[in-house]
Amino acid sequence: MNWSGLEGLLSGVNKYSTAFGRIWLSMVFVFRVMVFVVAAQRVWGDESKDFVCNTRQPGCTNICYDHIFPISHIRLWALQLIFVTCPSFMVMAHVKLREGKDSKYMELHEGSHLYANPGKKRGGLWWTYLLSLVFKAGFDIAFLYILYRIYHGYDLPRLSKCSLEPCPNTVDCFISRPTEKKIFMLFMVTSSALCILMCFAEMIYLVGKRISKVIRVSQENKRLLFAEQHELTNMAPPRSQYRRTDPTLNDSQMSLHKMDKRREAAITTTL
């Protein structure tokens with residue numbers, strides 16, 4: 001499997017992610033992909049070769065191995081990593097679709113843009129991103145449940161009993177390095193659980209941010225509507241309509257000023 005190619009593709013998705021999404025991607029590659037490639041494959045490389053049962057009956061060892069290991073841990077984790085990382089490509093595909101629409105819109109409308117930022121998580125892209133988080137968390141939970149059901153818990157016993165045909169009777173079978181394999185299995189299970197928690201944290205962050213934005217816009221609209229409905233009116237005529245008497249005028253000037261006011265009033269009455 002070409003994990004470097006998968007890493008290159010997911011790195012392109014990383015720039016459209018939130019801080020929680022970047023932490024999730026780092027956890028996937030550091031604690032899951034790197035451990036899977038570097039250590040886990042070597043630890044489980046001898047599970048079939050060094051699986052031993054205390055019988056020489058032909059076919060008994062193979063049947064018991066198939067019964068104890070219905071599916072290899074390595075192949076199960078490889079499928080899990082593929083299914084968990086694939087929903088991120090939904091976001092990239094949606095962004096590329098927006099960029100294509102924006103380029104066509106620019107050609108038809110002389111350079112104006114349909115999307116100011118195609119990678120902005122608004123509208124349909126917000127729902128696509130949220131749906132990708134649901135898929136990632138759902139796949140991780142499903143694979144953890146499958147692993148638990150197949151192996152009856154997250155444990156590898158040192159001794160396994162097998163009485164299937166063509167075994168002559170109940171035989172004892174032994175797994176090579178069971179403690180080491182158990183440690184790696186618990187590490188992978190814990191990493192998956194942390195990734196699930198990170199997905200839920202990112203979903204809560206996105207939904208909470210959207211709710212706070214809706215509340216803020218609603219309050220702003222109510223404030224503007226209240227201001228329009230209760231617009232202030234002038235309770236008194238402006239001060240410019242009143243004539244002010246200069247306090248520095250002397251008595252003769254004051255009398256002349258009063259005579260001018262009476263004359264203006266007489267003219268107004270005549271009109």
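This passage walks through the helices, aromatic contacts, sheet and enclosed spaces of a predicted model.

A good place to start is with the aromatic residues. The structure holds eleven aromatic pairs. One of them joins Phe 135 and Phe 139, whose ring centres lie 6.2 Å apart with their planes at 20°, so this pair counts as stacked. Both residues belong to helix 6, which covers residues 124-151. Within that helix, Phe 135 and Phe 139 are four residues apart, or about one turn. As for their surroundings, Phe 135 has a relative accessible area of 35% and is therefore partly exposed. Phe 139 also falls in the partly exposed class, because its relative accessibility is 26%.

Aromatic residues come together elsewhere too. Phe 51, Tyr 65, Phe 69 and Tyr 151 make up one aromatic cluster. Tyr 151 will appear again below, in the lining of a pocket.

Two tryptophan rings have a charged side chain over them. Lys 136 sits over the face of Trp 24, at 3.9 Å from the ring centre. Over the face of Trp 126 lies Arg 210, here at 4.3 Å from the ring centre.

Another phenylalanine to look for is Phe 29, in helix 2 (residues 19-43). Phe 29 has a relative accessible area of 11%; with the cut-off for buried residues set at under 20%, Phe 29 is therefore buried. Along the sequence, 52 residues separate Phe 29 from Leu 81, while in space the C-alpha to C-alpha distance between the two is 9.7 Å.

The model also contains a sheet. In general, the strands of a sheet pair through backbone hydrogen bonds, in either a parallel or an antiparallel way. Here, three strands form an open sheet with antiparallel pairing, in the order 1-3-2. Strand 1 (52-53) and strand 2 (159-162) are the edge strands, each pairing on one side only. Strand 3, made of residues 171-174, runs antiparallel to strand 2, and four bridges join the two. Looking across to strand 3, Lys 161 stands opposite Asp 172.

Attention now turns to the open spaces. The second largest pocket encloses about 230 Å³ of space. Helix 3 (60-68) and helix 6 are the elements that give two or more residues to its lining. The lining residues of the second largest pocket include His 67, Ile 68 and Pro 70, together with Ile 150, Tyr 151 and His 152. Also in this lining are Asp 155, Leu 156, Pro 157, Ser 160 and Ile 175. Sorted by class, the lining of the second largest pocket has seven nonpolar residues, three polar residues and one charged residue.

Closed spaces complete the picture. The model has two cavities of 30 Å³ or more. The second largest cavity holds about 40 Å³ of space. Three helices each supply at least two residues of its lining: helix 4 (73-85), helix 6 and helix 7 (178-229). Around the second largest cavity are Leu 76, Trp 77 and Gln 80, then Phe 143, Leu 144 and Leu 147, and also Met 188, Val 189 and Ser 192. The lining of the second largest cavity has seven nonpolar and two polar residues, and no charged residues.

Helix 6 is a useful guide for a second look at the model. This helix holds the stacked rings of Phe 135 and Phe 139, gives two or more residues to the lining of the second largest pocket, and supplies at least two residues of the lining of the second largest cavity.

Note on methods
Residues numbered from 1 in each chain as written. Predicted model: local features only at pLDDT ≥ 70, side-chain atom pairs only at ≥ 80, totals over all residues. Heavy atoms only, no water. Buried < 20%, exposed > 50% of the residue type's maximum accessible area, 1.4 Å probe, protein only. Phe/Tyr/Trp six-rings, centres within 6.5 Å; stacked < 30°, edge-to-face > 60°. Lys NZ or Arg CZ within 6 Å of the ring centre and 35° of its normal. 1 Å grid on protein atoms, 1.4 Å probe; cavity = no way out; pocket = protein on both sides within 12 Å on 5 of 7 lines; lining within 4 Å. Points joined across faces, edges and corners; volume = space filled by probe spheres on them. Nonpolar A, V, L, I, M, F, W, Y, C, P; charged D, E, K, R; others polar. Pairing = 2+ DSSP bridges.
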